Amino acid sequence: MSQKLRVGILGGTGMVGQRFISLLENHPWFEVVTIAASPRSAGKTYEEAVGDRWKMTTPMPEAVKNLVVMNVNEVEKVAAEVDFVFSAVDMSKEEIKAIEEAYAKTETPVVSNNSAHRWTEDVPMVVPEINPEHFEVIEFQKKRLGTTRGFVAVKPNCSIQSYAPVLTAWKEFEPYEVVATTYQAISGAGKTFKDWPEMVENIIPYIGGEEEKSEKEPLRIWGKIEDGVIKPAQTPVITCQCIRVPVLNGHTAAVFVKFKKKPTKEQLIEKLEQFQGEPQKLQLPSAPKQFIRYMEEDNRPQVQLDVDYENGMGISVGRIREDSVYDYKFVGLSHNTVRGAAGGAVLCAEMLKAKGYIQPK
């Protein structure tokens with residue numbers, strides 16, 4: 001590709017914004033040309049605006065250090081600089097909805113990491129391996145917004161990435177009842193141990209809003225487009241508990257499943273290892289070659305050993321075994337700020353470009 005698409009990052013100084021910047025360094029299709037943040041950061045260089053709050057383990061890319069941060073509220077001005085934007089703004093839900101639609105109305109596609117638009121009926125919420133066909137609802141959204149190329153697309157919550165793809169791979173066995181407990185890393189709250197010392201050697205059995213998202217969002221992903229909106233699936237029924245644990249990166253899920261058509265353990269493993277979606281077929285730049293891997297060892301997957309599988313874009317599954325109450329149980333692991341946040345959004349943008357929804361202005 002001769003010319004890279006010009007990318008803006010809204011909310012670029014926060015943890016997810018930083019993850020976008022580190023993931024997009026040397027991206028073959030996209031180049032970060034604009035970073036927008038709150039008025040207090042505007043006018044400073046990116047390096048000055050972030051200061052000592054750079055939370056990535058890799059250094060800040062040289063290419064962004066001297067970019068002057070723009071005011072995210074100056075929508076027309078920011079939009080004039082870019083072909084599309086990633087959104088990781090830290091605002092109230094209503095403010096996020098308004099600002100993302102404002103950018104879309106400047107004919108700037110918005111690929112959002114935020115939850116505000118996940119239940120807007122004509123906004124696609126996509127895991128590219130699972131439901132890329134939901135991008136087709138964008139045509140209906142454009143009619144509502146009065147745009148020709150501007151729209152909003154979102155990626156789902158980080159907590160569901162370690163089990164929703166697994167259940168998708170097992171769809172033909174008709175899972176109908178699921179119990180999941182997620183053990184979630186502190187970076188999901190935008191924190192490090194330095195920011196959140198009370199999490200050291202601690203567990204907090206509550207994450208605001210997370211259990212509802214973990215139960216409902218998979219059903220929207222498995223839904224169908226009807227009359228220009230996405231209608232969520234009705235099954236399986238999912239009940240979830242979400243617990244914050246003293247881990248920096250990586251959400252682990254312990255999951256119990258009942259099936260209408262009872263498979264063998266070997267069939268379950270085979271379906272995981274064979275499962276692939278359009279990102280793998282299209283060989284998109286951020287797509288993991290092997291989306292889901294099964295680990296035979298009794299003590300895997302482990303956060304320290306396995307969270308960076310496929311550069312953090314793959315899912316690791318282990319301990320599939322029959323259960324005395326449910327049919328089977330398993331443990332899944334995903335990287336919450338890569339696959340679960342910025343990386344998942346980058347993969348969505350790659351798919352949108354491959355399908356012609358994002359083009360140079």
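Is Glu310 buried, exposed or partly exposed? Select Glu310 and take a look: this is a predicted model, and here the residue is partly exposed, with a relative accessible area of 24%. Glu310 sits in the loop between H11 and strand E13 (315–322). Check its backbone while you're there, since phi is positive, about 55°, although Glu310 is not a glycine.

Next, jump to Gln283, in the loop between helix H10 (278–282) and E12. Phi of Gln283 is positive too, near 50°. Gln283 is exposed, with a relative accessible area of 68%. For context, most residues other than glycine have a negative phi, and most peptide bonds are trans.

Speaking of peptide bonds, select Arg300 and Pro301: the bond from Arg300 to Pro301 is cis, with omega near 5°. Pro301 belongs to the loop between strand E12 (292–295) and helix H11 (303–306). Then try Thr235 and Pro236, where the peptide bond is cis as well, with omega near 0°. You'll find Pro236 in the loop between strand E9 (229–231) and strand E10 (237–244).

Now for a helix pair. Show helix H1 (residues 15–24) with helix H12 (residues 338–354): their axes come within 9 Å and cross at roughly 55°. H1 and H12 are therefore oblique to each other, and their crossing is right-handed. Turn on side chains for the contact: H1 brings Val16, Arg19, Phe20, Leu23 and Leu24, while H12 brings Val338, Ala341, Ala342, Gly343, Ala345 and Val346. Sorted by class, that makes nine nonpolar residues, one polar and one charged.

Time to go inside. The largest nonpolar core has 57 residues, and Trp170 and Ile320 have the most contacts within it. Pick Ile320 and, skipping neighbours within four places in sequence, you'll see it in contact with Trp170, Lys265, Leu268, Ile269, Leu272, Tyr294, Tyr328, Lys329 and Phe330. A second, separate core of 44 residues includes Leu5, Phe20, Ile21 and Val338. Phe20 and Val338 should look familiar from the helix contact.

Two more buried stops. Ser214, in helix H8 (residues 210–221), counts as buried at 0% relative accessibility. Beyond its neighbours within four places in sequence, Ser214 is in contact with Asn157, Ser159, Ile160, Tyr163, Ile238, Cys240 and Cys242.

Finish on Thr252, in strand E11 (residues 251–259). Thr252 is buried, with a relative accessible area of 17%. Again leaving aside neighbours within four places in sequence, the contacts of Thr252 include Thr181, Thr182, Tyr183, Val303 and Val331.

Conventions
Residues numbered from 1 in each chain as written. Predicted model: local features only at pLDDT ≥ 70, side-chain atom pairs only at ≥ 80, totals over all residues. Heavy atoms only, no water. Axes fitted to C-alpha atoms, helices over the stretch in contact; angles between N-to-C directions. Helix = DSSP H or I, 4+ residues; strand = E, 2+ residues; numbered from the N terminus. Parallel < 35°, antiparallel > 145°, perpendicular 65-115°, else oblique. Left-handed = near helix turned anticlockwise from the far one by under 90°. Contact = heavy atoms within 4.5 Å. Nonpolar A, V, L, I, M, F, W, Y, C, P; charged D, E, K, R; others polar. Core = buried A, V, L, I, M, F, W, Y, C linked by side-chain atoms within 4.5 Å. Buried < 20%, exposed > 50% of the residue type's maximum accessible area, 1.4 Å probe, protein only.
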